[in-house]
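Visitor: I am new to this structure and should be grateful for a guided introduction. May we look at it together, one question at a time?

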Amino acid sequence: MLEKFLPSVVKCTPEYAEVVVADNASTDDSLSFLAQTYPYIRTVVLDKNYGFAEGYNRAIKEIEADYILLLNSDVEVTKGYLDPLVSELDNNSDVVSVQPKVLAFYDKSRFEHAGASGGFIDCYGYPFCRGRVMDITELDNGQYDTPLDIQWTTGAAMLIRRNEYLNAGGLDESFFAHQEEIDLCWRLGARGWRLRCVPSSVVYHLGGGTLNMGSPRKTYLNFRNNLCLIYKNHTQKNKILFVRFFLDYFAALVFLAKGEFKNFIAVIKARIDYHKMKKSLFEKRSENIRLTKKDCNCVKDYFLLKKFYLSGIKHYSEL
């Protein structure tokens, strides 16, 4: 990943920014590769694999900057990618985080799953994007090139004010990986901050570099963490989580019917472990609700699964 994607970051990052590589206790030759090929790049070396969430938290605490760009190791950036994002934060003091337009690395004419052209959440906590609804990604024909306020910026390429990142507690370390950026953005949005997509900035994301789409581990983290972010942030969590009980077990049965036994088990285990985590999340929820200024700021009023499966809506523009 470093050998393939770091060159574009080094080449396209302007002089006013610094490239920092955080090493999450890699077990390959990443550090020696960096030392030999990019000896001028600063590295933050962690003593063990803290996951996406805590790994970033620990690294960001060691970096002094007004803004931090969280950038996955499987992202190719383009010339001038950073300038529109920085300008958006410079010119709008009420905007806390921005993201570029995220296209697929192996099909640059198509949006990429993780972020596309701005993230949203439906009334039952399911995330989706401009350019990606469920597992359907659209071709990029410029239809989502308008900058707009969104509900979450993708962790694949998220520029954020460092102080506000830290003040909000950063990424929730109990998530380990997946949807932790949605949880952070929900907190920030509910506290009155705006989040934006600036499509004039473009990056290409490989996606699935660590866990591919069909991985039971990915299924487990997505289901568990999605329940956790609803519990932590939604002012009407009891109603939402009651419905999700049936929806999640229905999803598990669909996996079983398709012969995907490991994914079936992953959903069951995700729900069990979510209930184990609730006690430790209670104080975080209390804090989040206390600081909420915009009630349900981060949810749409429609049910995505109904529109997708029953109404046949596959594109964001049709919602």
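Visitor: At roughly what angle do the axes of H1 and helix H2 cross?

Guide: The model shown here is a predicted one. Helix H1 covers residues 2–12, and helix H2 covers residues 30–37. Their axes come within 12 Å, and the angle at which they cross is roughly 40°.

Visitor: Are H1 and H2 roughly parallel or oblique to each other?

Guide: An angle counts as roughly parallel if it is under 35 degrees. The axes of H1 and H2 cross at roughly 40°, and the crossing is right-handed. The two helices are therefore oblique.

Visitor: Which residues in H2 does H1 meet, and how many of the residues in this contact are nonpolar?

Guide: From H1, the residues Leu2, Glu3 and Leu6 take part. They meet Ser30, Phe33 and Leu34 in H2. By class, the contact has one charged residue, one polar residue and four nonpolar residues.

Visitor: Is Val9 buried or exposed?

Guide: Val9 belongs to helix H1. Its relative accessible area is 9%, and the limit for a buried residue is under 20%. Val9 is therefore buried.

Visitor: Which residues is Val9 in contact with, leaving aside its neighbours within four places in sequence?

Guide: One guide to the surroundings of Val9 is Thr78, 69 residues apart from it along the chain, with 8.1 Å between the two C-alpha atoms. Once the neighbours within four places in sequence are left aside, the contacts of Val9 are Val19, Leu71, Val75, Val77 and Tyr81.

Visitor: Against which strands do the buried residues of helix H4 pack?

Guide: Helix H4 spans residues 82–91, and its buried residues are Leu82, Pro84, Leu85, Val86, Glu88 and Leu89. These buried residues pack against strands E3 (67–71), E5 (95–104), E11 (157–161) and E12 (194–205).

Visitor: Which residue in the loop between helix H5 and H6 has a positive phi of about 70° although it is not a glycine, and is it buried or exposed?

Guide: The loop between helix H5 (162–167) and H6 holds Phe176, which is not a glycine and has a positive phi of about 65°. Phe176 is partly exposed, at 30% relative accessible area. Gln179 is found in the loop between H5 and H6 as well, and its positive phi is about 70°. With a relative accessibility of 9%, the residue that counts as buried is Gln179.

Visitor: How are H6 and H7 oriented to each other?

Guide: Helix H6 (residues 180–190) packs with helix H7 (residues 216–233) at an angle of about 15°, and their axes are 10 Å apart. The crossing is right-handed. Angles under 35 degrees count as roughly parallel. H6 and H7 are therefore roughly parallel.

Visitor: Which residues of H6 and H7 meet, and how many of them are charged?

Guide: In H6, the residues are Ile182, Asp183, Trp186 and Arg187, and in H7 they are Leu229, Lys232 and Asn233. The residues of this contact divide into one polar, three nonpolar and three charged.

Visitor: How many nonpolar residues does the contact of H7 with H9 have?

Guide: The axes of H7 and helix H9 (residues 261–291) come within 7 Å and cross at roughly 30°. That angle makes H7 roughly parallel to H9. The crossing is right-handed. By class, the contact has nine charged residues, four polar residues and 15 nonpolar residues.

Visitor: What kind of aromatic pair do Phe120 and Tyr316 form?

Guide: The whole structure contains 18 aromatic pairs. In the pair of Phe120 and Tyr316, the centres are 5.4 Å apart and the planes are at 25°. Planes under 30 degrees apart count as stacked. The pair is therefore stacked.

Visitor: How many residues apart are Phe120 and Tyr316?

Guide: Phe120 is in strand E6 (residues 119–121) and is buried, at 2% relative accessible area. Tyr316 lies in the segment after helix H10 (304–310) and also counts as buried, at 17%. The pair links distant parts of the chain, and its two members are 196 residues apart.

Visitor: Which residues form one aromatic cluster with Phe120 and Tyr316?

Guide: Phe120 and Tyr316 belong to one aromatic cluster. Its other members are Phe111, Phe128, Tyr144 and Tyr302.

Note on methods: Residues numbered from 1 in each chain as written. Predicted model: local features only at pLDDT ≥ 70, side-chain atom pairs only at ≥ 80, totals over all residues. Heavy atoms only, no water. Axes fitted to C-alpha atoms, helices over the stretch in contact; angles between N-to-C directions. Helix = DSSP H or I, 4+ residues; strand = E, 2+ residues; numbered from the N terminus. Parallel < 35°, antiparallel > 145°, perpendicular 65-115°, else oblique. Left-handed = near helix turned anticlockwise from the far one by under 90°. Contact = heavy atoms within 4.5 Å. Nonpolar A, V, L, I, M, F, W, Y, C, P; charged D, E, K, R; others polar. Buried < 20%, exposed > 50% of the residue type's maximum accessible area, 1.4 Å probe, protein only. Phe/Tyr/Trp six-rings, centres within 6.5 Å; stacked < 30°, edge-to-face > 60°.
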